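Here is a short tour of a protein model, with an eye on how two of its chains meet. Have the structure open as you read along.

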Amino acid sequence: MAGEGDSEPGKSFKLLGFLDVQKVPCSRESVLYGSLGSLVMGLGHFLATSRVRRSCDVAVGGFICTMLGYWFYCRYNLAQQRIRQRMLKEGMKNRVLFEGSYLDPGREQTGSERSDS
Amino acid sequence: MANHMQFGFQDASSPIMEELMKFHDHALMTALAICSLVLYLLTAMLTEKLSSNTVNAQEIELVWTILPAAVLIMLALPSLQILYMMDEINEPDLTLKAIGHQWYWSYEYTDFKDLLFDSYMTPTADLPLGHFRLLEVDHRVVVPMESPVRVIVTADDVLHSWAVPSLGVKTDAIPGRLNQTSFTVSRPGVFYGQCSEICGANHSFMPIVVESVPLANFESWSSLMSS
């Protein structure tokens, strides 16, 4: 049945009320890395310049850039992984289907196996 | 089908729906970034003293032109990719006609001889134990799994809409018009949908059930139904 995870209590955490970081792949890591990036950049800017407001601006900018940057990187890797999984699944299915037949990709083609008329 | 109080999508059962869910995640992440920025700017403006010492706004104007353009591009590119993917011509293995009536669906498998049937909702009183209220039908739409299926949707009387959320399909049924959609079911199973265009008193009581089976089972079923 679809949506079985929804029935577990306490298993969804929605940021700003709409982004469920527990269920969306890469979202939790993106937000965590974004927070870390925000802290580092904001704190670094403050230590360098002692300007509070501008450091807060840099922190927020850092949060958004780090979060989105990691998001694109993670989703790209996830998409590649899914493609590899699909190819593997297809390959396994073909291996099972064609094993022992002339279409078997693992079968070695030797001269003696070719029929001479 | 959806669980009680389910707010998110149902599990994807077709490649298009998987892509739609990925795009939805991407759109929500973009929305989170925008909301964070807006919340911060709001807080900053409310805590700052009012002053009128700004005479040159060139930089800010550059920022608030380029940033929204970047956001639009970030959303438009994957969206258009999916839009064109949905309209790809993929040589369907099966064509099926879905006709909306008040208040039931009828299906015609014109690739076969005499394979057509009506699909009425199973009344609650007649529902076997464990079956879903207001979702089960007497005759399901059976399709082979992992095969592209084309559905031509139309209606006999008023507007209806043929929708199956887990397959990512929703197509309006308009009298006098043939609308086409296609899907490929990735796995065997039973997928539920409901009429999605208000069509009268029993609009909520004309569900759609698609059953995806292996090809051999589909062949047996089609032979049985044709006879």
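Let's start with charge: in this predicted model, three salt bridges are counted between chain B and chain A. One to look up is the pairing of B:Glu48 with A:Arg53, whose closest N and O atoms lie 3.8 Å apart. Polar contacts also cross the interface, with five residue pairs found, both partners at pLDDT 80 or more.

Which element gives the largest share of the side of chain B that touches chain A? That is helix α1 of chain B, residues 15-46, which supplies 14 residues. Sorted by class, the side of chain B that touches chain A breaks down like this:

| Class on the chain B side | Count |
|---|---|
| Nonpolar | 14 residues |
| Polar | six residues |
| Charged | five residues |

Now for the extent of the interface. On the chain B side 25 residues are in contact with 28 residues of chain A. About 2400 Å² is buried between the two chains, and carbon and sulfur atoms give 66% of that area. If you want three side chains to click on, try B:Met29, B:Leu32 and B:Tyr40: together they supply 27% of the area that chain B buries against chain A, more than any other three residues.

Finally, a look further along chain B. An unreviewed UniProt entry places the feature "domain: Cytochrome oxidase subunit II copper A binding" at residues 91-224 of chain B. Over that stretch, residues 91-224, the chain is 43% strand and 7% helix, and its end C-alpha atoms are 26 Å apart.

How values were computed
Residues numbered from 1 in each chain as written. Chains lettered and ligands numbered in written order. Predicted model: local features only at pLDDT ≥ 70, side-chain atom pairs only at ≥ 80, totals over all residues. Heavy atoms only, no water. UniProt positions renumbered as here; feature names shortened; annotations may be inferred. Helix = DSSP H or I, 4+ residues; strand = E, 2+ residues; numbered from the N terminus. Contact = heavy atoms within 4.5 Å. Buried area = accessible area lost by both parts, 1.4 Å probe. Salt bridge = Lys/Arg side-chain N within 4 Å of Asp/Glu carboxyl O. Polar contact = N/O pair within 3.5 Å; in protein donor to acceptor, adjacent residues only side chain to side chain. Nonpolar A, V, L, I, M, F, W, Y, C, P; charged D, E, K, R; others polar.
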